[in-house]
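Please load the model in your viewer and keep the selection tool at hand. We will go from one stop to the next, with a note on what to select and what to look for.

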Amino acid sequence: MLNPINKTIELADGRTITIETGKLAKQADGAVTVRMGNTVLLATVCAAKDANPGVDFMPLQVEYKEKYSAFGRFPGGFTKREGKASDYEILTSRLVDRVLRPLFPDNYHAEVYVNVILFSADGEDMPDALAGLAASAALAISDIPFNGPISEVRVARVDGKFIINPTFSELEKADIDMMVGATIDNIMMVEGEMSEVQEADMLEAIKVAHEAIKAQCQAQIELSEACGTVVKREYCHEENDEELRKDVHDKCYAKAYAVATLGSDKHQRVEAFEQIIEEYKATFSEEELEAKAEMIGRYYHDVEKEAMRRAILDEGKRLDGRKTTEIRPIWIETDYLPGPHGSAVFTRGETQSLSTVTLGTKSDEKMVDDVLNHSKERFLLHYNFPPFSTGEAKASRGVGRREVGHGNLAHRALKRMIPDEYPYVIRVISDILESNGSSSMATVCAGTLALRDAGVPMKKPVSGIAMGLISENKGQNYAILSDILGDEDHLGDMDFKVTGTKDGITATQMDIKVDGLSYEILENALAQAKEGRMHILGKIMEAQPETRSELKPHAPRIETMTIGKEFIGAVIGPGGKIIQGIQEKTGAVITIEEVDGFGRIEISGTNKDTIDAAIRAIKGIVAVPEVGEVYEGKISSIMPYGAFVEFMPGKDGLLHISEIDWKRLETVEQAGLKEGDPIQVKLVDIDSKTGKFKLSRKVLLPKPEGYEERPPRPERGPRQDRGDRGGRGPRQDRGDRYNRDDR
């Protein structure tokens, strides 16, 4: 018998979120559905009873998946079935993972699988904003040990007003778009993009988001109590020896502290730390070591962590000898590679990015075919992190979730600085060649340099910095670190990345690993980050004062033009005949699409002459004929009363026999005109009723000496009812006085 339990959460704008359990997926350790409007997600969580041997970390796997049927669509491809995770699904999974992971007990090592599936969507409400709530609610009603609940919300600022979980349409107008994850007491994760906002605005957005999260966490607590799952399962995933722990600390801490305050580079420091533990292990027999090696490694990790943290808090000494606000040395080289359309090397300390830019045409756009996003992307950024960048001897195995996440952060940092109407499709590739902290921020800096080297007229250059935190006593004693090392990230309490221009923040990503991080600390971290960003931006501008004024010789040339919607068909022609003919004749590549009620044409080619020829041809098609203008035309047909001339593509006008020459002509052929001949004509009139065009050639010829004007007589053209005149045909023009004398 079903016994579903529900909790409803009211949003400030009147919408509601409903959490329900007890109806679906009841064999999972925890399962809930979360519904807002017509958007429905199912979240399940399952955990192994015991940890696998030798595992001393949290083996958490979060999977977010969207069903195409949720929005009444078929998947693309031949199989017509959902396949590997899209970038959007990976990024959503990472958002949930980053909030959940720090809240499992340190000594809990059983495998935990969280699955969140979108089963229904309305195309307006954004499901990723509900994924964290759904995952946490499934954990809350399970007996899996978890120090939650948590929730996530998206906060956006539209027209100066903050909105929680905005719709797709509302988000398009936002200047702040952030996802915030938190417990009822503490902020745990922030990620988002902004339009050059100030630090105070970002803090205000986080506070607004946290208030909404508190209500969602309280609903989960009540749901857990209603389900009777307040008591969590017992477990024992670590074997400990307190005497051994103390012995490791007593014999290794002083040596580790000395290394932590030595101010050495990464490889020297790693070797020195490894030597300490190897010397300690050497005091044990092989049999003892076999039994205690895992515990010794774990205890020594804690010793290293304590030594590094105490050196910073007590003496202000960082692992590489820098002050807390000091940025590592930076060197930059632009135009480094001859082949790409733009390139740059950005090196900060032991972190290095070689970034390249490729400029493409409309045919290079990325087609996005997600469940709720069917669009095209014109700005792409790909981040690669090969093992050799950290000196690891292992094979590269394709793009992982980390690469997708870091690339997305750099993409969001830069994309709003690309001009809105820039005609090129842009691909930035960041290859990390060395890494010791904040390679994503190096990607932002190298990406800016490479874009400017390619001649992309960025609105403003962007720099980025990663901030760290070492704290104790719930933030009573703390140190904020600028430009953190990899070890300071791993052993510290915060990884806070901030990117921006000289005028404001463009993107951020923050992961917090401790409870009790105050807004005062966040405010100080943002202020210190701004100082660091400005320092790095100064180095960028010093190395590259100006954007390249022209594209490199081997970059494609692209011009765009806008035409009236009514001309699109004329440019394309029947079956594409006209546009294909222009491409074949000029060698240009032409694409056309309707945008906002107009035709947007993109013309690309290898040189300026090619593009100019195509533009002239298109302008000839879409130009509006003007009385008094002279045109280079072609005779399309000969008639007894004159000739029809195609004076513009697709536009014919009558060149009456009387307008061919100043002298009287009996036949058109008498002037030597034939079909297909080129001819220069002037448009002298457009019939206001019929829209027919009247052309003249004689007005472009010198007037004969002695010619006397006569009042113009009406042009008869062809008679409509020739049979009424006994088959005599059209009456001949009587000409003028000059012509009569000539006879």
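Before the helices, one definition: a crossing of two helices is called right-handed if the near helix is turned clockwise from the far one by less than a right angle, and left-handed if the turn is anticlockwise. Keep in mind on the way that this is a predicted model.

**Stop 1: the whole chain**

Start zoomed out, with everything in cartoon. The protein chain holds 15 helices and 29 strands. Its radius of gyration is 37 Å, well over the 27 Å that the globule rule gives for 743 residues, so the chain is more spread out than a compact globule. Along the principal axes, the C-alpha atoms fill a box of roughly 130 × 65 × 45 Å.

**Stop 2: a six-stranded sheet**

Now select residues 5-10, which are β1, and residues 60-66, which are β5. They belong to an open sheet of 6 strands in the order β1-β2-β3-β4-β6-β5, and the pairing is mixed. β1 and β5 stand at the edges with a single partner strand each, so one side of each is left without a neighbour in the sheet. From one strand to the next, the twist averages 15°.

Add residues 16-21 to see β2, which runs antiparallel to β1 and is joined to it by 6 bridges. Which residue of β2 is the bridge partner of I5? Label T21 and you have it: T21 is the partner of I5. Next, show residues 199-227, helix α4, which packs on the sheet and touches β1, β2 and β3 (30-36). The direction of α4 makes about 165° with that of β1.

**Stop 3: α1 against α2**

Select residues 87-100 for α1 and 128-140 for α2. These helices pack at an angle of about 45°, with their axes 10 Å apart. The two are therefore oblique to each other, and α1 passes α2 in a right-handed crossing. Show side chains for Y88, T92, V96 and L100 in α1, which meet D128, A131, G132, A135 and L139 in α2. The residues of this contact divide into 6 nonpolar, 2 polar and 1 charged.

**Stop 4: two backbone details**

Go on to the loop between α2 and β7 (150-158), where P149 is found. A cis peptide bond joins G148 and P149, with omega of about 5°. Then move to D159, in the loop between β7 and β8 (161-164). Phi of D159 is near 55°, a positive value in a residue other than glycine.

**Stop 5: α5 against α7**

Select residues 242-260 (α5) and 286-315 (α7). At what angle do α5 and α7 pack? The angle is about 45°, and the axes are 8 Å apart. That makes α5 oblique to α7, because angles between 35 and 65 degrees fall outside the roughly parallel and roughly perpendicular ranges. Here the opening definition comes into use: α5 passes α7 in a right-handed crossing. The contact residues divide into 15 nonpolar, 1 polar and 6 charged.

**Stop 6: a hairpin**

Finish with residues 463-472 (β18) and 477-482 (β19), antiparallel strands joined by 6 bridges. They form a hairpin with 4 residues between them. E472 stands opposite N477 in β19, and in the turn N473 has a positive phi of about 55°.

How values were computed:
Residues are numbered from 1 along each chain as its sequence is written. This is a predicted model: local features need pLDDT of at least 70, side-chain atom pairs count only at pLDDT 80 or more; totals for chains, interfaces and linings use all residues. Side-chain values use heavy atoms; hydrogens and water are left out. Axes are lines fitted to C-alpha atoms, for helices over the stretch in contact, and angles run from 0 to 180 degrees between N-to-C directions. Angles under 35 degrees count as roughly parallel, over 145 as roughly antiparallel, 65 to 115 as roughly perpendicular and the rest as oblique. Ala, Val, Leu, Ile, Met, Phe, Trp, Tyr, Cys and Pro count as nonpolar, Asp, Glu, Lys and Arg as charged, and the others, Gly among them, as polar. Two strands pair if DSSP finds at least two bridges between them. Contact means heavy atoms within 4.5 Å. The radius of gyration is taken over C-alpha atoms; the globule rule is 2.2 Å times the number of residues to the power 0.38.
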